[in-house]
Amino acid sequence: MAEATAEYKVIGTRPIRPDGADKVTGRAVYGGDMRLTGMLHGKVLRSPHAHARIKSIKTAKAEALPGVKAVITVQDFPVAEDRMANLGEMAVNVKLLSNNVIAADKVLYKGHAVAAVAATSPHIAEEALGLIEVEYEVLPPVLHVLDAMKDEAPLLHETMTTTELGQKTDKHSNIANHMRFLLGDPAQGFREADVVIEREFDTATVHQGYIEPHNATALWNEDGHLYIWTSTQGAFVVQRQAAEILGLPVSQVSVTPCEIGGGFGGKISVYLEPVAAVLSRKAGRPVKIIMSRIEEFEATGPTPASHIKVKMGAKKDGRIVAAEASLMYEAGAFPGSPVGAGCMCIFSPYAIPNMQVDGYDVVVNKPKTAAYRAPGATNAAFASETVVDELAEKLGMDPLEIRRLNGAKEGDRRVDGPTFPRIGYLETVHAALEHEHYATPLTGPNRGRGVASGFWFNVGFQSTVVINVNADGTASLVEGSTDIGGTRASIAMQAAETLGIPYEDVRPTVVGTDGIGFTDVTGGSRTTFATGYAAHEAALDVVRQMKERLARRWDSEMEQEFEGQAERATVRITPDDVTYAHGAFKCAKDAGKSMTFKDVAAQMARMGGPITGRATSQPRGVGGAFATHIVDVEVDPDTGKVTILRYTAVQDVGRAIHPSYVEGQIQGGVVQGIGWALNEEFVYSDSGNMVNASFLDYRMPTTLDLPMIETVLEEVPNPGHPYGVRGVGEVPIVPPVAAIANAIYKATGKRMTHSPMSPGYVLSKLLE
Amino acid sequence: MPKIHVQTRINGEDIDFLCESRQSLLEVLREELGLTGTKEGCSNGNCGACSVLLDGVLVDSCLVLAVETAGREVSTIEGLATPSQLHPLQQKFLEHAALQCGICTPGFIMAAKALLAKNPKPTEHQVRYWLAGNLCRCTGYDKIVRAVLDAAAVMEKA
Amino acid sequence: MAIVFLSAMLQPLTGGVSQVRVAGRTIRTIINNLEERFPGIKDRLLQDGDLRPDVAVAIDGETALDGVAEPVGEDSEVHFIPPISGG
Amino acid sequence: MQAFDYVAARTVDEAVSLLSAKGAQARVLAGGTDLIVQLREGRRNLELVVDVKKIPDVNVLTYDPQNGLQLGAAVPCHRIYGDATIARAYPGLMDAFQLVGGTQIQGRASVGGNLCNSSPAADTTPTLIAHRATCVIAGPNGRREVPVEQFCTGPGRNVLGNGEFLVALRFPAPAKNFGAHYLRFIPRNEMDIAVVGVGSSVVLGDDGATVTAARIALGAVAPTPLLVDEAAAALIGKPISDTTIAQAATAAQAAARPISDMRGTIEQRRHLTGVLTRRTLQGAIARARGETLSHA
């Protein structure tokens with residue numbers, strides 16, 4: 001892993017992040033910290049039923065409560081049009097998005113927003129919620145994907161029909177979409193196989209678990225302009241969604257991103273912003289809404305529960321010749337689960353000639369699912385990586401050996417068709433095989449070691465960066481990517497490297513929709529890759545402008561030296577004659593002429609005025625990321641409780657710009673995977689009420705549940721990026737559930753086919 | 001609902017405020033006194049993001065009624081650094097990249113401060129046991145524990 | 001003539017054909033030529049003259065960014081895949 | 001959160017009169033880690049909160065080898081195990097007092113409050129029972145005492161009448177060859193409510209081999225914490241052996257009346273009752289013989 005290699009001065013070092021002091025002193029302003037003059041506090045009334053028709057809403061009593069300044073329902077919103085809108089990262093149906101922000105005629109999950117109040121205190125607003133009278137016609141809920149797929153299941157959306165293999169049908173069902181990916185001839189493949197394993201798996205609904213609750217502050221001015229302050233992964237995506245839902249031109253919505261207390265994909269869709277906006281317009285004052293933790297669990301965007309079937313066949317020598325999978329994902333109240341991504345990831349670590357993967361997107365009476373770090377991939381890997389492990393066992397092969405034998409490399413074809421560019425999967429398997437952890441035998445009773453691999457695409461999308469050169473030779477970098485994991489540093493480092501100045505001399509600032517060109521979400525493992533790409537290009541733009549200014553300056557100096565002589569015509573200095581390296585500009589035609597970056601900056605006013613580099617990026621060459629993890633566990637045979645003894649995560653990171661934050665992304669993703677594997681799940685009553693909607697009973701890992709998480713940064717530079725960057729943020733969450741399941745099998749002899757592998761579940765398997 | 005006049009000390013300064021008896025110390029710190037460094041994560045004592053010291057004892061400020069602080073000493077993240085220098089814990093959290101989004105950081109630093117006051121040379125296990133009341137979702141805790149151990153070593157020498 | 005891969009989702013319209021060589025130097029012309037051979041396929045790929053929101057195009061493994069205007073190489077591979085968004 | 005009045009009582013009598021006047025509409029505030037959550041989530045509505053933390057009687061924390069331990073009802077957990085002498089004298093109590101919530105919760109939560117919240121899964125009650133604690137209650141009719149095993153009467157309910165509140169808990173001095181141990185099963189290593197909790201104590205004969213007295217109390221497997229005499233009977237008067245311990249565990253399982261909820265199933269709880277009874281007895285016996293148990 002590169003410390004500051006000879007090749008780079010800044011990239012590979014571990015500087016302190018520029019926003020660090022504010023965050024450790026409590027000065028950093030997160031969305032919930034917003035305070036505006038005359039600001040009101042908003043609260044949302046949420047459905048107590050998982051499935052019901054709204055008959056009537058009476059708000060008079062609530063409006064009469066002293067301190068209440070506005071009460072709103074869907075009537076206060078423009079009618080949402082049933083059409084698709086492109087919101088940068090994703091295309092979204094505006095009607096479905098709006099209906100999730102505020103229920104129209106039906107409530108489709110317990111916690112679905114029905115009305116909202118703005119008052120002079122949050123307590124008064126809460127009291128007012130109790131005075132809003134809503135009459136419901138309660139309908140039977142459907143809560144599990146397999147039940148929802150049945151013909152006789154209650155329908156959430158009467159008008160919705162199934163899209164079957166890309167073709168719209170007129171079959172009314174909770175199945176919104178059935179997709180299929182096919183490669184080769186699976187039936188023939190299975191006929192040739194010597195060993196075939198088939199298993200079914202269930203995973204429970206899981207939440208991103210960010211510690212900061214959703215928040216939004218809105219001021220809809222008398223001149224019709226809407227200002228929004230919020231903790232979000234993408235200010236521009238909030239701007240577009242708010243504009244679509246509220247029927248405003250984008251230019252009339254200004255979104256300022258505050259610091260964000262974690263998102264992991266859960267703070268991309270809007271929930272509160274349009275509600276705060278409409279309350280603000282009605283009350284004529286700014287309104288701040290903050291979700292309670294119960295609202296976070298009941299009414300934001302968890303990752304789908306799923307049922308997955310996997311069948312894989314291999315020859316005696318270990319070559320996998322056929323693979324089939326059927327992924328059934330719960331989309332929640334509205335269609336749009338990440339089952340497609342799950343289908344495309346499930347077998348991606350392997351080059352398999354014959355594959356068929358079917359994906360089902362199924363609505364259920366639960367909150368609409370949203371992205372959660374490599375959305376859809378962890379569920380799928382739990383299934384496929386367990387079956388690969390079983391194949392290895394049946395064939396008497398080491399589980400890493402079968403992965404090495406079948407590992408995908410450049411030119412191999414994914415199930416969705418495209419072939420892989422240069423990728424680093426095999427490098428992760430080799431590194432795992434050679435790692436001291438894997439070489440050290442695991443001894444002691446009730447202990448087991450498991451391995452698993454994972455893939456995620458990563459994305460490029462759009463970013464804009466502006467770099468302003470200051471007279472003292474430092475630079476101010478303006479960007480639109482909200483900084484959740486230290487990306488101010490990783491982006492400034494790439495700009496500094498290209499500018500040839502120290503990292504400390506580049507001051508990055510994150511601004512909102514009025515301050516920079518369109519920038520997509522901080523998500524999809526793209527920020528250091530794509531915004532870093534734009535920062536590099538903007539820095540090149542600065543250097544180019546400096547070369548132009550210097551060429552003019554040096555050429556005019558030539559004018560004096562060759563005062564009217566003939567040779568003057570031959571010696572013209574053009575920008576191409578100016579070279580730049582290690583912070584110094586030199587003149588190819590006159591060794592005596594050179595100036596440092598600082599010199600040029602100091603004389604900008606004399607050399608054509610301010611220098612501002614600008615670049616937008618929508619990079620191609622997005623490098624996918626692979627990981628291979630090793631975990632040792634101990635299982636208490638009396639209680640079924642699983643203890644993580646040791647965890648090593650090997651990942652192809654392309655080039656680690658700031659290694660500490662790359663390690664941090666991997667450690668964070670691994671621990672979210674461990675929580676997913678061991679104790680995290682939504683528990684529902686029969687009536688569709690989530691009974692464990694708190695951090696007490698939605699059990700995320702604490703410091704005491706974990707050892708240190710060892711990381712190995714394999715660097716297979718991505719040719720599609722000037723510094724070889726690959727996205728690193730999402731793939732670490734893909735292998736852990738499967739790796740832990742495989743380790744528990746080695747410790748207990750019982751195959752795990754359900755997540756979470758809670759003590760109760762493991763005990764029930766032990767007592768079988 | 002008549003407001004109660006409360007006189008207390010926050011970060012070494014005499015402070016008085018008006019509040020309703022139903023307002024938590026967390027709510028008063030953030031919404032009335034503008035001390036927004038103490039963060040809200042769950043408001044029912046399960047995440048530690050709102051940790052402060054009450055008479056030197058580590059507590060969740062969401063589970064303390066503001067009226068209860070009358071005549072007592074409250075210490076929050078805003079009181080930790082000196083005008084010229086960050087506290088060693090703050091410095092080590094930055095050096096170890098022991099924070100990513102940073103929302104849990106004030107709570108962790110106040111908890112670690114209480115730990116080191118009680119146990120200046122904790123083992124890794126003792127650090128993990130003490131900090132189990134503070135949830136973090138970004139870091140996986142590894143670098144947080146290392147930052148606290150490193151700060152302990154530095155403070156031990158000082 | 002680029003090689004166009006027809007996914008399982010399109011094969012009902014192509015009588016099971018999974019690969020076909022198609023003339024065209026942009027995605028627009030490729031799709032028009034596909035339509036002539038497999039009527040009805042255009043509506044599955046385009047909406048108001050642009051790619052449908054739920055369709056993305058990969059050319060030689062690279063996700064195309066310029067929609068139907070994307071240039072296509074002489075022997076490039078063309079795939080129609082679902083768009084990917086991250087977490 | 002509904003509005004309520006707040007009064008910080010200075011004396012026991014003041015608290016009693018405040019509580020009696022309001023009946024069910026008033027509640028004592030000690031650490032507040034249960035009460036404030038219930039108020040915030042609307043599971044409890046009150047007109048008056050009586051803060052007792054300024055009353056000397058509820059802040060008592062004294063111990064001597066003859067009279068045993070006097071523990072004020074509002075004393076927060078961290079103060080108890082912060083006292084080295086008391087911690088050494090009652091390791092079986094410390095097992096539970098160090099488990100209630102995370103460090104922040106222990107900065108506020110009191111054992112009295114945990115008992116008065118009367119959750120069937122309360123971490124402290126089984127070990128209070130194993131230590132034969134006595135509840136000192138003040139009320140309109142003066143003071144009365146109740147053995148702790150009789151204090152809880154149902155989920156969230158106890159013997160406290162109108163105007164009454166818990167002032168202190170009294171513990172006998174640990175008898176010679178006395179040993180106690182509390183364990184709970186939780187999915188994580190911290191911050192969870194017990195799926196099952198068991199507090200066991202034994203007194204051994206001078207030979208260190210026969211059990212002369214025993215108490216086994218179960219948490220989270222019945223509407224109230226449960227003292228299981230049949231389990232003790234399997235041990236008393238007999239030499240210690242795996243068989244008698246197994247019999248005690250089986251008796252405990254038979255007495256348990258668990259339910260299935262989000263934290264555990266009936267089968268799981270019944271199984272764990274046996275496991276934790278066995279492990280706590282082994283721990284109690286070791287301590288009775290003077291050994292110390294390695295602790296988290």
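## Domains of chain A

Between the centres of domain 1 and domain 3 of chain A, taken over C-alpha atoms, there is a separation of 43 Å. The model described here is a predicted one, and in it chain A is divided into domain 1 (34-139 + 214-262 + 267-298), domain 2 (306-458 + 623-766) and domain 3 (461-617).

Domain 1 and domain 3 of chain A do touch, with 16 residues of domain 1 in contact with 16 residues of domain 3. On the side of domain 1 that touches domain 3, at least two residues each are supplied by α7 (235-246) and by β15 (253-257) of chain A, and the residues of that side divide into seven nonpolar, eight polar and one charged.

## Helix α20 of chain A

Helix α20 of chain A covers residues 736-748, and because each residue should add 1.5 Å, its 13 residues are expected to span 18 Å, which agrees with the 18 Å between its end C-alpha atoms.

This helix is mostly covered, with 11 of its 13 residues buried. Among the buried residues of α20(A) are Pro736(A), Val737(A) and Ala738(A) towards the beginning of the list, as well as Ile740(A), Asn742(A), Ile744(A) and Thr748(A). Just after α20(A) comes Gly749(A), which takes a positive phi of about 80 degrees.

## The largest nonpolar core

In soluble globular proteins, nonpolar side chains tend to be buried together. The largest nonpolar core of this model has 434 residues, and those with the most contacts inside it are Val275(A), Val362(A), Ala495(A), Ile740(A), Ile744(A) and Val52(D). Two of these names, Ile740(A) and Ile744(A), also appear among the buried residues of α20(A), while the helix that gives the most to the core is α16 (residues 527-561) of chain A, with 11 residues.

What is Val362(A) in contact with, leaving aside its neighbours within four places in sequence? Its partners include Val145(A), Ala148(A) and Met149(A), together with Asn174(A), Ile175(A) and Ala176(A), and also Met328(A), Tyr329(A), Glu330(A) and Ala331(A).

## Where chain B meets chain D

The contact between chain B and chain D takes 24 residues from chain B and 24 residues from chain D. On the side of chain B that touches chain D, the elements giving two or more residues are β4 (57-60) and α4 (124-130) of chain B, and the largest share, four residues, comes from β4(B). When the residues of this side of chain B are sorted by character, they divide into 12 nonpolar, eight polar and four charged.

Definitions and conventions:
Residues numbered from 1 in each chain as written. Chains lettered and ligands numbered in written order. Predicted model: local features only at pLDDT ≥ 70, side-chain atom pairs only at ≥ 80, totals over all residues. Contact = placed C-beta atoms within 7 Å. Nonpolar A, V, L, I, M, F, W, Y, C, P; charged D, E, K, R; others polar. Core = buried A, V, L, I, M, F, W, Y, C linked by C-beta atoms within 7 Å. Buried ≥ 20, exposed ≤ 12 C-beta atoms within 10 Å, placed from the backbone. Domains from an automatic or database assignment. Expected span 1.5 Å × (residues − 1).
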